[in-house]
Amino acid sequence: MIIREARSGEEAFLAEACVQIFKFMRQGEQDKFIEGFPAEVTGDLLTWAGSHLTEIDRVAFVAESSDGHCVACILGHIEPSSLPMAVSDPSGRVSVCWVSAAHQRKGIARLLLEALQAWFAKRGITHLEVAYMTKNTVARDVWSQLGFTPFRTFAYKEIDGASD
């Protein structure tokens with residue numbers, strides 16, 4: 001297994017990984033936010049995935065199998081911390097981490113995270129944040145195994161009668 005930065009032309013793989021995550025999330029308890037995720041690769045999703053190959057504050061890494069196929073990816077970016085009063089420096093943020101079903105439980109997510117952490121460290125980033133849906137126990141367990149500790153919960157409420 002080779003872990004490397006994603007290359008131009010791999011935007012479709014990165015976007016499809018996002019769609020696979022959305023499909024997985026739809027298998028559980030339904031949520032209005034999940035309903036809004038695209039069920040297939042869209043132009044906007046391709047553009048967003050491609051931004052991780054072209055923008056200076058974004059990056060994508062892929063895991064490539066011995067036969068040359070991409071089987072996993074992690075996308076990250078630099079942004080202000082979710083706790084700006086406590087952490088004034090920018091933080092690294094994991095946007096997406098996906099491993100194909102046939103390659104799960106082989107340590108690939110850990111290898112991808114290590115590559116992403118090294119990329120952030122070279123840019124002076126000292127801490128990393130990840131967000132996942134509260135109901136996604138698989139994500140919670142994986143991120144916990146990779147050393148993340150929950151520190152903040154985001155909640156939402158729909159406002160009746162709100163106009164656009």
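Author: Let's start with Arg105, which sits in the loop between strand 4 (90-99) and helix 4. Keep in mind that this is a predicted model.

Reader: Okay, is Arg105 buried or exposed, and how do you know?

Author: Its relative accessibility is 85%. Exposed means over 50%, so Arg105 counts as exposed.

Reader: What stands out about phi of Arg105?

Author: Phi is near 65 degrees there, and that's a positive value in a residue other than glycine.

Reader: Let's move into helix 4. What makes Phe120 count as buried or exposed?

Author: Phe120 is part of helix 4 (residues 108-122). Its relative accessibility is 3%, and the cut-off for buried is under 20%, so Phe120 counts as buried.

Reader: Which residues is Phe120 in contact with, leaving aside its neighbours within four places in sequence?

Author: With those neighbours set aside, Phe120 touches Gly76, His77, Ile78, Gly92, Arg93, Ile125 and Leu128. Take His77 from that list: 43 residues separate it from Phe120 in sequence, yet C-alpha to C-alpha they are 8.6 Å apart in space.

Reader: And Glu10? Where is the place of that one?

Author: Glu10 belongs to the loop between strand 1 (2-5) and helix 1.

Reader: Why is Glu10 called buried?

Author: The relative accessible area of Glu10 is 13%. Buried means under 20%, so Glu10 fits the label.

Reader: What makes the pairing of the Glu10 and Arg4 side chains a polar contact?

Author: The two side chains are joined at 2.6 Å, and a polar contact needs a pair of N or O atoms within 3.5 Å, one able to donate a hydrogen and the other to accept it. The Glu10 side chain also reaches the backbone nitrogen of Arg7, at 2.7 Å. Leaving aside neighbours within four places in sequence, the contacts of Glu10 are Arg4, Val62 and Cys70.

Reader: Last topic, helix packing. Why is helix 1 called oblique to helix 3?

Author: The axes of helix 1 (residues 11-26) and helix 3 (residues 43-54) come within 8 Å and cross at roughly 120 degrees. Roughly perpendicular covers 65 to 115 degrees and roughly antiparallel is over 145, so this angle leaves helix 1 oblique to helix 3. The crossing is right-handed.

Reader: Which residues meet there?

Author: From helix 1, they are Glu11, Ala12, Leu14, Ala15, Cys18, Val19 and Phe22; from helix 3, Leu45, Leu46, Trp48, Ala49, Gly50 and Leu53. By type, this contact of helix 1 with helix 3 has eleven nonpolar residues, one polar and one charged.

Note on methods:
Residues numbered from 1 in each chain as written. Predicted model: local features only at pLDDT ≥ 70, side-chain atom pairs only at ≥ 80, totals over all residues. Heavy atoms only, no water. Axes fitted to C-alpha atoms, helices over the stretch in contact; angles between N-to-C directions. Helix = DSSP H or I, 4+ residues; strand = E, 2+ residues; numbered from the N terminus. Parallel < 35°, antiparallel > 145°, perpendicular 65-115°, else oblique. Left-handed = near helix turned anticlockwise from the far one by under 90°. Contact = heavy atoms within 4.5 Å. Nonpolar A, V, L, I, M, F, W, Y, C, P; charged D, E, K, R; others polar. Buried < 20%, exposed > 50% of the residue type's maximum accessible area, 1.4 Å probe, protein only.
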